[in-house]
Amino acid sequence: MPLRRALTALLLSGVLLLVPACGGDSGDTASGGTASPTSSVQKQKLAKTRFVANAGLAAGATYQWIVKPYREGKFEKEADGRKLTLVKAGLAGAFAYNRLKAAAENAKGDPTLSKLVAPLTAGIDSLKDLPGKLRSGQGTDDIVGTFQDTISGVKSAGEGAGAKVTDKVPSLSQLSGG
């Protein structure tokens, strides 16, 4: 496994070194600089894009590994595979919290998004302790509801700013940080 990661890192760094060399003449090559989003319009577009990506991953993780198993009764004490389901839900909760924090940070780069997401930061912060509670099986009804409400609020804020958020389900390896 470490060899595969090392090879992947080597390959990616090689690609990143080659990509700028393959680009067309942008006018910045004479000064030796690389093109970067410097205008406020470009920064805003990137802020919205990053917001949508992070919020979409949080929404997908929440639905796939928290809401869906909850609706299927997999958190019940007598359910088969309950412990594994709760561990996955805890990982998904921590992942969703992390991505929502990143989305809130991304929203600061867009004036409209920042105004709409700012009221949601307290709700996002309230998710911090929920993954541990979810793993231990404490009050799953309230925990699932809190995650759903927060995700819905972020999605609504995105739509209000013209940045529609769609669910993007991360892999289990992404949840565990691998």
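Trainee: Which residues gather in a patch of negative charge on the surface?

Mentor: Good place to start! Keep in mind that this is a predicted model. The patch of negative charge on its surface brings together Glu76, Glu78, Asp141 and Asp142.

Trainee: Where does Asp141 lie, and is Asp141 buried or partly exposed?

Mentor: To read this, look at the element and then at the relative accessible area. Asp141 belongs to helix 7, which covers residues 140-160. Its relative accessible area is 49%, so Asp141 counts as partly exposed, because the partly exposed class runs from 20% to 50%.

Trainee: And Gly90, is that residue buried or exposed?

Mentor: Buried: Gly90 has a relative accessible area of 0%, and buried means under 20%. You will find Gly90 in helix 3, residues 82-107.

Trainee: Which residues does Gly90 touch, leaving out those up to four places away in sequence?

Mentor: Contacts are read from heavy atoms within 4.5 Å. By that reading, Gly90 touches Pro131, Leu134 and Arg135. For Pro131, the C-alpha atoms of the pair are separated by 4.4 Å, although the two residues are 41 apart along the chain.

Trainee: How do I read the protein as a whole, and how many helices and strands are there?

Mentor: Start with the elements: eight helices and zero strands. Then look at burial, where 31% of the 178 residues are buried. For contacts with a separation of 6 or more, 75% come from residues 24 or more positions apart. Finally, the accessible surface is about 10,700 Å², and carbon and sulfur atoms hold 57% of that area.

Key: Residues are numbered from 1 along each chain as its sequence is written. This is a predicted model: local features need pLDDT of at least 70, side-chain atom pairs count only at pLDDT 80 or more; totals for chains, interfaces and linings use all residues. Side-chain values use heavy atoms; hydrogens and water are left out. Patches are made of residues with over 30% relative accessible area and no salt bridge: like charges are joined within 9 Å, nonpolar side chains (Val, Leu, Ile, Met, Phe, Trp, Tyr) within 5 Å. Accessible areas come from the Shrake-Rupley method with a 1.4 Å probe; for residues, only the protein chains shown count as cover. A salt bridge is a side-chain nitrogen of Lys or Arg within 4 Å of a carboxyl oxygen of Asp or Glu. Lys and Arg count as positive and Asp and Glu as negative; His and the chain ends are not counted. The place of a charge is taken as NZ of Lys, CZ of Arg, CG of Asp or CD of Glu. Helices (H or I, at least four residues) and strands (E, at least two) are DSSP runs, numbered from the N terminus. Buried means under 20% relative accessible area, exposed over 50%, partly exposed in between (1.4 Å probe, protein chains only).
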